[in-house]
Amino acid sequence: MSLPAEFHDIAKRVNNWGRWGSEDEIGTLNLVTDEVVRAAAAEVRSGRRIPLALPLKEDGVQAGLIPGRINPLHTMVQINQELFGPGTVACSDDAVTMGLQAGTHWDALTHVSHSGKIYNGRPASSITPHTRAQYSGIDKAGHIVSRGVLLDVARAKGLDRLPGGHAVTPEDLAEAEEFGGVTVRAGDIALVRTGQIQVYLAGDKHGYGFPSPGLSVRTPQWFHARDVAAVANDTLTFEIFPPEIDDLWLPVHALDLVEMGMHQGQNWNLEKLSTACAEENRYSFLLSAMPEPFVGGTGTPVAPVAVL
């Protein structure tokens with residue numbers, strides 16, 4: 001089944017192919033300039049640090065929806081082993097097998113494709129078992145540090161959590177922007193809070209994934225108009241799930257990653273940040289969300305920290 005005309009119409013409006021040259025592999029991260037980072041550093045006032053990552057554990061958020069995306073399997077490979085003989089310093093080591101997008105993570109621009117293409121018009125066939133993501137792998141993202149803005153959609157509506165069928169619209173984002181007294185500007189990283197992570201934290205990982213609030217297919221135009229560098233939220237699927245348009249699966253992924261070249265983050269725990277922003281009555285901060293540089297990776301675990 002081909003993608004509908006509605007999708008292609010939006011795609012034309014948000015497309016960034018060639019904007020930063022034909023060789024570009026990082027998309028909207030180009031908007032995070034030295035000047036943007038200097039301004040972001042000025043957001044630090046109290047020095048309060050808020051971690052945004054979920055713990056990586058075997059009973060994590062993955063419930064089998066996506067084949068192969070397994071929760072971390074953590075194994076001890078040596079325990080108090082005296083490597084250099086009796087009486088020497090003993091070492092303990094461990095190893096992990098996991099899906100790179102199993103927990104709190106960034107999607108690389110190569111995470112999805114459509115119509116045989118990935119970001120900047122490159123062929124989706126450039127992703128192979130041997131080369132992995134030849135272009136725009138998560139290692140190409142380098143450093144992700146900028147001003148973060150919390151768009152607390154749930155709190156702006158006076159809710160603890162959005163209902164599962166709620167598609168977050170551009171109007172919702174503007175409402176959250178006004179609620180927080182903040183204006184999203186070029187190079188910002190937008191964090192969109194729905195409150196859905198509460199379902200997982202309460203022990204229901206199946207209910208966490210489905211049904212889930214999430215971003216509407218209309219939101220990429222809002223982020224494109226504001227030149228946002230990256231977006232993350234507190235859901236498993238990022239966009240509303242099941243989809244708002246019948247049989248149109250992951251359209252926001254395709255618009256953000258493929259057309260716009262904008263990295264996405266999922267499974268971010270924004271609950272403590274929501275409380276802190278409300279207490280300090282400000283919704284912008286310095287955000288450090290450094291990707292692990294897996295060469296050719298289509299995603300990566302991340303342990304983001306917001307510094308107020």
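Two strands are taken to pair if DSSP finds at least two bridges between them. On this basis, in what is a predicted model, strand 11 (residues 230-233) and strand 12 pair in the parallel sense over 3 bridges, and within strand 12 the bridge partner of V231 is Q264. On its other pairing, strand 12 is joined by 3 bridges to strand 4 (residues 105-107), here in the antiparallel sense, with H105 standing opposite Q266. Strand 12 (residues 263-266) is covered on both faces, since H263 and G265 on one side are buried, as are Q264 and Q266 on the other.

These pairings belong to an open sheet of 9 strands, arranged in the order 1-15-13-7-9-11-12-4-14 and mixed in its pairing. Strand 1 (49-51) and strand 14 (299-301) occupy the edges of this sheet, and because each has a single partner strand, one side of each is left without a neighbour in the sheet. From one strand to the next, the twist averages 25 degrees. At the edge formed by strand 1, the partner is strand 15 (residues 305-307), which runs antiparallel to strand 1 and is joined to it by 3 bridges; in this pair, P51 stands opposite V305. Helix 2 (residues 34-41) packs on the sheet through contacts with strand 7 and strand 13 (284-288), and the direction of helix 2 makes about 60 degrees with that of strand 7.

Helix 1 also shows a clear division between its sides. The residues F7, I10, A11 and V14 of helix 1 are buried, and they cover an arc of only 105 degrees around the axis, which puts them on the same side of helix 1. In general, an α-helix has 3.6 residues a turn, so residues three or four places apart point the same way. The face of helix 1 turned away from the buried side carries the exposed residues A5 and K12. Among the elements that cover the buried residues of helix 1 are helix 7 and helix 8.

The packing of helix 1 (residues 5-14) against helix 8 (residues 251-260) can be described further, the two axes coming within 10 Å and crossing at roughly 35 degrees. This crossing of helix 1 and helix 8 is right-handed. The contact brings F7, I10, A11 and V14 of helix 1 against P251, A254, L255, E259 and M260 of helix 8; by class, the residues in this contact comprise 8 nonpolar, no polar and 1 charged.

In helix 4 (residues 170-180), the buried residues are P170, D172, L173, A176, E177 and G180. Viewed down the axis of helix 4, these buried residues fall within an arc of 160 degrees, so they line one face of the helix. Their cover includes strand 7 (145-152), helix 3 (153-156), strand 8 (167-168), strand 9 (189-193) and helix 7 (219-225), so named elements of both kinds, helices and strands, are included in the cover of this helix. Just after helix 4, G181 takes a positive phi of about 65 degrees.Several backbone features lie in loops. The loop between strand 11 and helix 8 contains F238, for which phi is near 75 degrees, a positive value in a residue other than glycine. The loop between strand 11 and helix 8 also holds D247, where phi is near 65 degrees and is likewise positive in a residue other than glycine. With regard to accessibility, F238 is buried, with a relative accessible area of 0%, whereas D247 is exposed, with a relative accessible area of 52%. P242 is found in the loop between strand 11 and helix 8 as well, and the peptide bond that leads from F241 to P242 is cis, with omega near 0 degrees. A cis peptide bond is found from F210 to P211 too, with omega near -10 degrees; P211 is placed in the loop between helix 6 (205-209) and strand 10 (214-215).

Technical notes:
Residues are numbered from 1 along each chain as its sequence is written. This is a predicted model: local features need pLDDT of at least 70, side-chain atom pairs count only at pLDDT 80 or more; totals for chains, interfaces and linings use all residues. Side-chain values use heavy atoms; hydrogens and water are left out. Buried means under 20% relative accessible area, exposed over 50%, partly exposed in between (1.4 Å probe, protein chains only). Helices (H or I, at least four residues) and strands (E, at least two) are DSSP runs, numbered from the N terminus. The arc is that of the directions from the helix axis to the C-beta atoms. Contact means heavy atoms within 4.5 Å. Axes are lines fitted to C-alpha atoms, for helices over the stretch in contact, and angles run from 0 to 180 degrees between N-to-C directions. A crossing is left-handed if the near helix is turned anticlockwise from the far one by less than a right angle, and right-handed if clockwise. Ala, Val, Leu, Ile, Met, Phe, Trp, Tyr, Cys and Pro count as nonpolar, Asp, Glu, Lys and Arg as charged, and the others, Gly among them, as polar.
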